[in-house]
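Here are my notes on the model you sent over. Have the structure open while you read.

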Amino acid sequence: MPKITYIEHNGTEHVIDVDTGLTVMEGAVRNLVPGIDADCGGACACATCHVYVDPAWAEKTGSRETMEDSMLDFAEEVQETSRLSCQIKVTDMLDGLVVRMPQNQG
């Protein structure tokens with residue numbers, strides 16, 4: 001089971017085992033990680049699961065699709081490595097993934 005490190009805006013780390021096939025967002029919500037609101041439940045219809053993917057992992061998490069890119073227009077402080085965590089599927093290759101949460105969600 002891949003381990004994902006979620007880092008809150010204040011620096012608090014949560015290292016969570018997340019089942020493959022889930023999304024990074026689902027892993028956070030199921031484990032009550034603060035900072036990922038997921039208001040739309042993972043439908044890519046809001047920007048409340050915005051994360052910053054650690055640059056070392058950006059290529060392994062894939063690129064943004066058109067819908068995700070559009071939804072990020074509603075997020076605050078979007079950066080080059082910004083992603084919606086509902087759009088990142090957990091695979092064995094993401095074992096060790098590090099994501100950081102912004103100070104505020106969209």
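**Notes on the sheet, a buried glutamate and two cysteines**

1. Let's start in strand S3, residues 50-53: His 50 and Tyr 52 point one way, Val 51 and Val 53 point the other way, and all of them are buried. That fits the general pattern, as side chains in a regular strand alternate between the two faces of the sheet. Bear in mind throughout that this is a predicted model.

2. Who does S3 pair with? On one hand there is S4, in the antiparallel sense over three bridges; on the other there is S5, also antiparallel, over two bridges. For individual residues, His 50 has Leu 84 as its bridge partner in S4, and Tyr 52 stands opposite Arg 100 in S5.

3. Arg 100 turns up again with S1, as the bridge partner of Ile 7. Strand S1 (residues 3-7) and strand S5 (residues 97-100) pair in the parallel sense, over four bridges.

4. Put together, the five strands make an open sheet in the order S2-S1-S5-S3-S4, with mixed pairing. Why do S2 and S4 each have one side without a neighbour in the sheet? Strand S2 (13-17) and strand S4 (82-84) stand at the edges and have a single partner strand each, so one side of each is left free of a sheet neighbour. From one strand to the next, the twist averages 35°.

5. Now have a look at Glu 68, which sits in helix H2 (residues 66-71). Is Glu 68 buried or exposed? Its relative accessibility is 1%, so Glu 68 counts as buried. The side chain is not without a polar partner: a polar contact of 2.7 Å joins it to the side chain of Arg 83. Leaving aside residues up to four places away in sequence, Glu 68 touches Cys 44, Ser 63, Arg 83, Leu 84 and Gln 87. Leu 84 is the residue we met above as the bridge partner of His 50.

6. Finally, the cysteines. How many disulfides does the structure hold? The count is zero. Cys 49 is in no disulfide, and its nearest cysteine sulfur, that of Cys 86, is 3.8 Å away. Seen from the other end, Cys 86 is in no disulfide either, with the sulfur of Cys 49 as its nearest cysteine sulfur. A disulfide here needs the two sulfur atoms within 2.5 Å, so this pair does not count as one. Both residues are buried: Cys 49 at 2% relative accessibility, and Cys 86 with a relative accessible area of 7%.

Methods: Residues are numbered from 1 along each chain as its sequence is written. This is a predicted model: local features need pLDDT of at least 70, side-chain atom pairs count only at pLDDT 80 or more; totals for chains, interfaces and linings use all residues. Side-chain values use heavy atoms; hydrogens and water are left out. Two strands pair if DSSP finds at least two bridges between them. Axes are lines fitted to C-alpha atoms, for helices over the stretch in contact, and angles run from 0 to 180 degrees between N-to-C directions. Buried means under 20% relative accessible area, exposed over 50%, partly exposed in between (1.4 Å probe, protein chains only). A polar contact is a pair of N or O atoms within 3.5 Å; within protein, one must be able to donate a hydrogen and the other to accept it, and residues adjacent in sequence count only if both atoms are side-chain atoms. Contact means heavy atoms within 4.5 Å.
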